[in-house]
Amino acid sequence: MIARPPRRSWWEIRWRQFRNAPRPVVRAVVANLTVAAVLGVLYLGYDVALARGARLPGGDLRTLFVIVDVVLVLGLGSLITYLIVPLPRGAGSRATRTGWSAALGLFAAAPIAYLVLVVVSQVIRPLLT
C-alpha cells in the first residue's frame, strides 16, 4: 500500500505559494511597488508641507496629486513590467514581449497603488504630525 503524504493546512499551502511565486509576478509587483513608493513619498512630502502651512503655488492639489499618482503607477508600472517580463523563450534565445506582460503590470498596479496611498496617508502621515 502506498503511503499518502500528510494533508497541508490552508496556511501551509499559502506560505508555500508565497515562497515559490513565479518570477514574472514578483518582477511585476516589485516594479509597481517601486513606482508607487516613490510617488507615495512625494505625496507625503506635499501633504506634510501643506499641513505645516506652506504656501505652495496652486493651493491644495492633493486630490489631483492622488489621481495623477494612480495613473502614473498604472502606466509606469505596466511599462516597466512590459520591459522586464519577457515571455518564456522555449528553445530559442530571443526574448519576446507582448501586451500580456503589460497587462500583468496593470493588474498588479491597481491594488498596489491603493495600498501604498493608504499606508502613506493613514499610517505614516499621522506619525509625522
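This passage walks through a buried serine, a nonpolar core and a nonpolar surface patch in a predicted model.

A good place to begin is S101, which sits in helix α4, a helix spanning residues 99-128. With a relative accessibility of 4%, S101 counts as buried, because the cut-off for that class is under 20%. The side chain of S101 comes within reach of a backbone oxygen, that of V85, at a distance of 2.6 Å. Once neighbours within four places in sequence are set aside, the contacts of S101 are T81, Y82 and V85.

Helix α4 also takes part in the interior. The largest nonpolar core holds 13 residues, and the members touching the most others are A36, V73, V116 and V120. At least two residues of this core come from α2 (23-51), and at least two come from α4. For V116, one of those well-connected members, the contacts beyond four places in sequence are L33, A36, A37 and G40. A36 thus appears both among the core residues that touch the most other members and among the contacts of V116.

The surface offers a further feature to look at. A nonpolar patch is formed there by L61, L64, V68, L72, L76, L79, I80, Y82, L83 and I84, which together have about 770 Å² of accessible area. Y82, listed in this patch, is also one of the residues in contact with S101. Another patch member, L79, lies in helix α3, which covers residues 62-84. L79 has a relative accessible area of 45% and is therefore partly exposed, as this value falls between 20% and 50%.

Terms used
Residues numbered from 1 in each chain as written. Predicted model: local features only at pLDDT ≥ 70, side-chain atom pairs only at ≥ 80, totals over all residues. Heavy atoms only, no water. Helix = DSSP H or I, 4+ residues; strand = E, 2+ residues; numbered from the N terminus. Buried < 20%, exposed > 50% of the residue type's maximum accessible area, 1.4 Å probe, protein only. Polar contact = N/O pair within 3.5 Å; in protein donor to acceptor, adjacent residues only side chain to side chain. Contact = heavy atoms within 4.5 Å. Patch = residues over 30% accessible without salt bridge, like charges linked within 9 Å, V, L, I, M, F, W, Y side chains within 5 Å. Areas by Shrake-Rupley, 256 points an atom, 1.4 Å probe, with all protein chains shown as cover. Salt bridge = Lys/Arg side-chain N within 4 Å of Asp/Glu carboxyl O. Core = buried A, V, L, I, M, F, W, Y, C linked by side-chain atoms within 4.5 Å.
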